[in-house]
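Thank you all for coming. Please take a moment with the sequence and the structure before I begin, and keep both in view while I talk.

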Amino acid sequence: MLAAVAAAAAIAAPGATDVGTGQTLLQLRPEATCTDGVLLARAGATAISPELRIYRLPSAAARRLLPGLRARGAVQNVEAERRVEPLATFSDPLSPNEWWRAAVGAAGLDPPGPGTPVTIVDSGIDLSHPEFASRPDTTLLNAQVPGYGGRHGTAVASLVGAPANGIGIVGIYPQVALRSWDAAVADEGRELAVGDIVAGISAASRAGVGVINLSLGSGDRSASIEQAVNEAVRRGSLVVAASGNDGDEGNPLTYPAALPHVLTVAATNRANAVAGFSSRSRYVDLAAPGEDITVAWTPPPGYQPGDGTSFAAPLVSGAAAWVWTVRPELDNTQLFEILRRSTKDIGAPGRDLDSGFGLLDVGAALTAEAPVEDPLEPNEDIDDVRPGFGLAALTTRSLGRALVTARLDLWEDPRDVYRVWQPAGRRLVVSTGAEEDVDVAVWSQAAFSVAQQAGPERLAVSARVGTGNERTRVPVSKRGRWVYVAVTRGRGIVEAEYRLGVTPR
């Protein structure tokens, strides 16, 4: 149903056009001039994510402007505007029976008052519904489409924060600070636009640190959504996504669930087994109830039972905000690990493709030991840490040395890249310490990616490959220069925690 678009790794895909929408998403490079932005605005473009320099404009105008923009090196990425589906289905009415509360260890627990916010990027909330008509701490980040446009978003939001008001259902975190961004397009809100999803993620991350729920998905990987997710994670938020509803149809990967740094949620049933429709993949982190779930429904305002990973994800999002409110000292990388590692193992022992680490356990997450922070994420490749693209440098002209502790994960965090300053006339010593095997390499500023195996841009590699205690020396440079340090997992290693030291000598 959805046509393919440019993959996230593609830069300025030359053939990207609209897919029946008449619109194109265009991202400018950091070094693009103000004149380029003005040129897009005059052509009818709208800045949907100013911090990421992503514009939406008519495809005819994009085709006219792209040759000149590309000739000036101003284009970072181009992709078609397209449609993404919410990940839920509905069945006949059932009595409100929140069996899921006991399943996730929330029964008998007292949720806190308002704290960490949850933003629902979806089809909007129907504020005429009894669950939301007078609900406090409910913020609309843009105009909400009434009626059918808010059906899916209203259902998802009710599982996060339907209040204990004596009617209907109660969400997992009833007093949560709830935010909503409406990304719905035509067809009664059954489809969402990529550009509006990007704008919603960006608006949520600009509003401050919180949890962002994405109960939506597509088989096409969007570079724009991926960068919006990375920016939200970089700013400190936790992004939660539904794994998909194609478990009975071949399990194709669903995005954004299959992106790194996204907490991906599968759906379970009353037997605490993974639902047949729930998509299985190596990117699944944990599971939560998502079959026969009673949700708020509109129009007319009421309640319906529904199935879908769309309904598993908000239970995790609400639980995440609950834990974060009680444990505000955690950063988003620690919360990510706590939620998936405090789960109840279901099915085959250990992590699996069906349920990830296991079934959400709120009580265990509230008391689980915090892992070390994983700073400066996302930093998988050079573009993530290049000047103007994202993170600050690990060392600078004034900060000559650094020591950092971080983690690697085969699916969620496959490698770490750091930008480092090498002073003129001095050798740079880079070392790692880890129980698992990790490798280190150093690349010049001219390198495009550290994913390549070799090349003249690679300045140094590990001296003792095969251990966790590595050291490499970057040759003396007559002039000071920026270099990129890459830490990767050794052969066969799935997870590793390491210490990285950088010292000029």
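**A strand covered on both faces**

Let me begin with strand 11 (residues 211-214), which is covered on both of its faces, since Val211 and Asn213 on one side and Ile212 and Leu214 on the other are all buried. Buried here means under 20% relative accessible area, with exposed meaning over 50% and partly exposed in between, using a 1.4 Å probe and protein chains only. As general background, the side chains in a regular strand alternate between the two faces of the sheet.

I should say early that this is a predicted model, in which local features need pLDDT of at least 70 and side-chain atom pairs count only at pLDDT 80 or more, while totals for chains, interfaces and linings use all residues. Residues are numbered from 1 along each chain as its sequence is written, and side-chain values use heavy atoms, with hydrogens and water left out.

Which strands does strand 11 run parallel to? Strand 7 (residues 118-122) is joined to strand 11 by 3 bridges, in the parallel sense, and Val118 stands opposite Val211. Strand 13 also runs parallel to strand 11, with 4 bridges between them, and there the bridge partner of Leu214 is Ala241. Two strands are said to pair if DSSP finds at least two bridges between them, and helices (H or I, at least four residues) and strands (E, at least two) are DSSP runs, numbered from the N terminus.

From strand 13 (238-242) we can follow the chain into the loop that leads to strand 14 (262-268), where Asp248 is found. Is Asp248 buried or exposed? Asp248 is exposed, with a relative accessible area of 60%. Leaving aside residues up to four places away in sequence, Asp248 touches Gly276 and Phe277, where contact means heavy atoms within 4.5 Å. Asp248 and Gly276 are 28 residues apart in sequence, and their C-alpha atoms are 6.2 Å apart in space.

**Two covered helices**

Helix 6 (residues 223-234) is mostly covered, with 11 of its 12 residues buried, and among them are Ile225, Val229, Asn230 and Arg234. At 1.5 Å a residue, the 12 residues of helix 6 should span 16 Å, and the end C-alpha atoms are 16 Å apart, which agrees; the expected span is 1.5 Å times one less than the number of residues.

Helix 7 (residues 309-326) gives a similar check, because its 18 residues should span 26 Å and its end C-alpha atoms are 26 Å apart, which agrees. In helix 7, 16 of the 18 residues are buried, so the helix is largely enclosed by the rest of the structure.

**Two open sheets**

One open sheet has 4 strands in the order 2-3-1-4, with antiparallel pairing. Its edge strands are strand 2 (46-49) and strand 4 (75-80), each of which pairs on one side only. The twist in this sheet averages 30 degrees from one strand to the next; axes are lines fitted to C-alpha atoms, for helices over the stretch in contact, and angles run from 0 to 180 degrees between N-to-C directions.

Within that sheet, strand 1 (residues 23-28) and strand 3 (residues 54-58) pair in the antiparallel sense over 5 bridges, and Leu25 stands opposite Arg56 in strand 3. Helix 2 (residues 59-71) lies across strand 1, strand 3 and strand 4, and runs at about 125 degrees to strand 3. Helix 5 (residues 194-206) lies across strand 1, strand 2, strand 3 and strand 4, and runs at about 55 degrees to strand 2.

Another open sheet of 4 strands has the order 18-25-20-23, again with antiparallel pairing. Strand 18 (402-409) and strand 23 (470-474) stand at the edges with a single partner strand each, so one side of each is left without a neighbour in the sheet. The twist here averages 20 degrees from one strand to the next. Strand 20 (residues 428-434) and strand 25 (residues 495-504) pair in the antiparallel sense over 7 bridges, and the bridge partner of Gly433 in strand 25 is Arg499.

**The whole protein**

Stepping back, the protein has 10 helices and 25 strands. Of its 505 residues, 59% count as buried. Among contacts between residues at least 6 apart in sequence, 77% join residues at least 24 apart. Finally, the C-alpha trace spans about 75 × 55 × 40 Å along its principal axes.
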